Amino acid sequence: MSTETSRIRVTDLSGVMRVEFVDKDILDEAAIRQISTELIKRAEAAASPRMVISFRGVEHLSSAALGTLITINSLTKKRGGQLRLSDIKPSIMEVFTITKLNKLFQIFETAEKALEGFGGK
Amino acid sequence: MAENDIGGVGQMTSAPQPVAEGSVRLHEINKEIESIQELIEGLLSQFGYPDAAMFAIRLSLEEAMMNGFRHGNLQDLSKFVEVRWRIDSQSANFHVIDEGEGFDPDAVPDPTLDENLEIPSGRGLMLIRAYMSDARYHDPGNHLEMNFHKVAK
């Protein structure tokens with residue numbers, strides 16, 4: 001099942017939500033708010049939400065986007081699930097390293113690797 | 001300085017050292033930020049800045065403008081954020097000024113401490129400091145000046 005919204009694509013893979021971004025820049029405040037609202041809604045709708053957010057194609061990321069990821073990470077954890085991130089290109093990875101958020105998030109090289117052992121396929 | 005003095009963009013004096021200077025007052029968050037980003041990126045490209053520099057400057061400007069709107073002007077859209085730039089082949093200088101009361105940048109908690117990692121905000125300024133060659137607030141803290149030196153960062 002694939003659901004298209006204006007900013008993200010969410011695919012349900014046997015109970016694991018794979019999230020991809022439509023835009024290459026995750027900077028715009030209104031877009032980030034919209035993404036945040038939708039991800040929170042989805043995380044709250046699942047019993048123990050398992051989510052893989054893929055950054056394939058993403059070129060820029062602001063601190064507001066990092067804030068959303070932190071919120072989703074806390075929420076999935078609180079509800080007995082987990083958030084995994086994948087496909088982060090080196091320039092974006094540097095943003096995670098500078099902010100030390102690479103210590104907070106479960107980061108995988110590819111979405112496929114993130115899905116392994118996560119119950120989804 | 002005229003409001004939206006965007007006519008100054010791309011003014012390149014012929015010799016000996018070409019420089020692009022300009023300024024703009026932004027009132028609306030999203031659309032205007034995007035257009036200023038494109039404009040700056042075009043100038044940086046003209047002056048031969050590499051991709052990594054353009055990434056650093058785009059991110060820093062984004063964070064600076066968002067901080068100005070959100071924390072400086074407290075989302076009051078009747079207030080503006082002014083951006084000034086001066087770019088030549090060696091370095092790029094930016095001023096981002098909001099209409100707020102200013103703040104003490106040293107009072108912002110360190111978001112990289114373990115106990116602060118899960119706080120979803122407060123990372124804009126540290127990214128600016130990490131990516132730009134230098135960045136400082138002029139008193140009373142509503143005026144950020146930052147530089148990127150193309151050669152020695």
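**Figure 1. Chain B from end to end.** Follow chain B along its sequence and you read off β-α-α-β-β-α-β-β. That adds up to three helices and five strands. Bear in mind for every panel here that this is a predicted model. Chain B runs to 153 residues, and 34% of them count as buried. As for how far the contacts reach along the sequence, take those in chain B with a separation of 6 or more: 56% of them come from residues 24 or more positions apart.

**Figure 2. Close-up of α1(B) against α2(B).** Here we zoom in on helix α1 (residues 30-46) and helix α2 (residues 51-72) of chain B, whose axes sit 10 Å apart and make an angle of about 150°. Angles over 145 degrees count as roughly antiparallel, so that is the label for α1(B) and α2(B). The crossing of this pair is right-handed. On the α1(B) side, look for Ile33(B), Gln37(B), Ile40(B), Glu41(B) and Leu44(B). Facing them from α2(B) are Ala53(B), Met54(B), Ile57(B), Arg58(B), Leu61(B), Glu62(B) and Met65(B). Sorted by class, the residues of this contact come out as eight nonpolar, one polar and three charged.

**Figure 3. Close-up of α2(B) against α3(B).** Now for another contact of α2(B), this time with helix α3 (residues 124-131) of chain B. The two axes come within 9 Å and cross at roughly 150°, which makes α2(B) and α3(B) roughly antiparallel. The crossing is left-handed for α2(B) and α3(B), while the one between α1(B) and α2(B) is right-handed. What does α2(B) bring to the contact with α3(B)? Its residues here are Ala56(B), Leu59(B), Ser60(B), Glu63(B), Ala64(B), Met66(B) and Asn67(B). They meet Gly124(B), Leu125(B), Leu127(B), Ile128(B) and Tyr131(B) of α3(B). By class, that gives eight nonpolar, three polar and one charged.

**Figure 4. The largest nonpolar core, with a look at Leu26(B).** This core has 70 residues. Which of them touch the most other members? From chain A there are Met51(A) and Val52(A), and from chain B there are Leu26(B), Met65(B), Val83(B), Val96(B) and Ile128(B). Helix α2(B) supplies the largest share of the core, with eight residues. Two of the names in this list also turn up in the helix contacts: Met65(B) on the α2(B) side facing α1(B), and Ile128(B) on the α3(B) side facing α2(B). Set aside the residues up to four places away in sequence, and Leu26(B) touches Glu32(B), Ile33(B), Ile36(B), Met65(B), Phe80(B), Val81(B) and Val83(B).

**Figure 5. Glu34(B) on helix α1.** Glu34(B) is part of helix α1 of chain B. Buried, exposed or partly exposed? With 14 other C-beta atoms within 10 Å, Glu34(B) is partly exposed. For a sense of scale, Glu34(B) and Gln90(B) are 56 residues apart along the chain, and their C-alpha atoms are separated by 24 Å.

**Figure 6. Close-up of α1(A) against α2(A).** Over to chain A, where the axes of α1(A) and α2(A) come within 10 Å and cross at roughly 5°. That makes the pair roughly parallel. Helix α1(A) puts in Glu29(A), Ile32(A), Ile35(A), Ser36(A), Leu39(A), Ile40(A) and Ala43(A). From α2(A) come Ala64(A), Ala65(A), Thr68(A), Thr71(A), Ile72(A), Leu75(A) and Thr76(A). The tally by class is nine nonpolar, four polar and one charged.

**Figure 7. Where chain A touches chain B.** In this view, 21 residues of chain A are in contact with 19 residues of chain B. On the chain A side, the elements giving two or more residues are α1 (29-45), α2 (63-78) and α3 (90-98). Helix α2(A) gives the most, with seven residues. The chain A side divides into nine nonpolar, eight polar and four charged residues.

**Figure 8. Leu101(A) and its partners.** Leu101(A) sits in the loop between α3 and β8 (106-108) of chain A. It has 21 C-beta neighbours inside 10 Å and so counts as buried. Leaving aside neighbours within four places in sequence, Leu101(A) is in contact with Leu66(A), Phe96(A) and, from chain B, Leu117(B). Glu116(A), by comparison, lies 15 residues from Leu101(A) in sequence and 22 Å from it in space, C-alpha to C-alpha.

Definitions and conventions: Residues numbered from 1 in each chain as written. Chains lettered and ligands numbered in written order. Predicted model: local features only at pLDDT ≥ 70, side-chain atom pairs only at ≥ 80, totals over all residues. Helix = DSSP H or I, 4+ residues; strand = E, 2+ residues; numbered from the N terminus. Buried ≥ 20, exposed ≤ 12 C-beta atoms within 10 Å, placed from the backbone. Contact = placed C-beta atoms within 7 Å. Nonpolar A, V, L, I, M, F, W, Y, C, P; charged D, E, K, R; others polar. Axes fitted to C-alpha atoms, helices over the stretch in contact; angles between N-to-C directions. Parallel < 35°, antiparallel > 145°, perpendicular 65-115°, else oblique. Left-handed = near helix turned anticlockwise from the far one by under 90°. Core = buried A, V, L, I, M, F, W, Y, C linked by C-beta atoms within 7 Å.
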